[in-house]
Amino acid sequence: MSTATILNKIACLLMKDGKKNVALRLVRKSLVLASNQLSVSEETVLWQALGNIKPVVDARSKKVGRMSYIIPYALTEEQSTFLAIKILVESSRARREKQFQHKLANELTDSFNNKGSSIKKKNELYKLAEANKSFAFFR
């Protein structure tokens with residue numbers, strides 16, 4: 001996937017009321033802020049942050065008979081990238097800064113440094129998949 005495609009996906013997830021240009025502007029400003037904080041290029045910040053957030057497995061629930069089981073699934077590259085973007089947007093929305101561009105920039109720097117709530121969400125997903133790996137034969 002190219003950088004433009006990923007920026008477009010982030011903007012689509014951020015978009016409210018169909019204002020894609022506003023969302024793209026926010027994403028670009030936050031990338032500039034994050035790259036200035038870390039003193040590396042914007043592409044490097046984006047790719048390394050997403051690389052640190054990307055999960056390899058996902059835990060989904062599946063109903064077998066009357067029981068619901070949480071089953072770990074392996075993810076493709078595209079699925080893991082989209083899930084990483086989704087985790088990044090959700091965790092940046094939950095932050096407490098006032099402006100969204102600062103929220104997203106700080107979440108990008110935290111995930112670049114393997115810290116923050118997005119990394120915590122990824123680790124929780126891994127723990128859930130590990131705890132339920134005995135149900136993997138239901139796949």
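**Reading contacts and burial around Ser111 and helix H3**

Q: Which residues does Ser111 touch, if those up to four places away in sequence are not counted?

A: A contact means that heavy atoms lie within 4.5 Å of each other. With residues up to four places away in sequence left out, Ser111 touches Ala49, Asn52, Ile53, Leu88, Ser118 and Ile119. Please keep in mind that this is a predicted model, in which local features need pLDDT of at least 70 and side-chain atom pairs count only at pLDDT 80 or more, while totals for chains, interfaces and linings use all residues. Residues are numbered from 1 along each chain as its sequence is written, and side-chain values use heavy atoms, with hydrogens and water left out.

Q: Where does Ser111 lie, and is Ser111 buried or exposed?

A: Buried means under 20% relative accessible area, exposed means over 50%, and partly exposed is in between, using a 1.4 Å probe and protein chains only. Ser111 belongs to helix H5, and with a relative accessible area of 0% this serine is buried. Thr81, placed in helix H4, is also buried, at 4%, and Thr81 touches Met1, Ile6 and Lys54, again not counting residues up to four places away in sequence.

Q: How many helices and strands does the protein chain have?

A: Helices (H or I, at least four residues) and strands (E, at least two) are DSSP runs, numbered from the N terminus. The protein chain has six helices and two strands, and from the N terminus on their order is α-α-α-β-β-α-α-α.

Q: Which residues of H3 are buried?

A: An α-helix has 3.6 residues a turn, so residues three or four places apart point the same way. In H3 the buried residues are Val45, Leu46, Ala49, Leu50, Asn52 and Ile53. They cover an arc of only 160° around the axis, which puts them on the same side of H3; the arc is that of the directions from the helix axis to the C-beta atoms. The buried residues of H3 pack against helices H1 (3-14), H2 (20-38), H4 (77-93), H5 (100-112) and H6 (116-131).

Q: What is the charged end of Arg60 doing at the ring of Tyr73?

A: A charge sits over a ring if NZ of Lys or CZ of Arg is within 6 Å of the ring centre and within 35 degrees of the ring normal. Here the charged end of Arg60 sits over the ring of Tyr73, at 4.9 Å from its centre.
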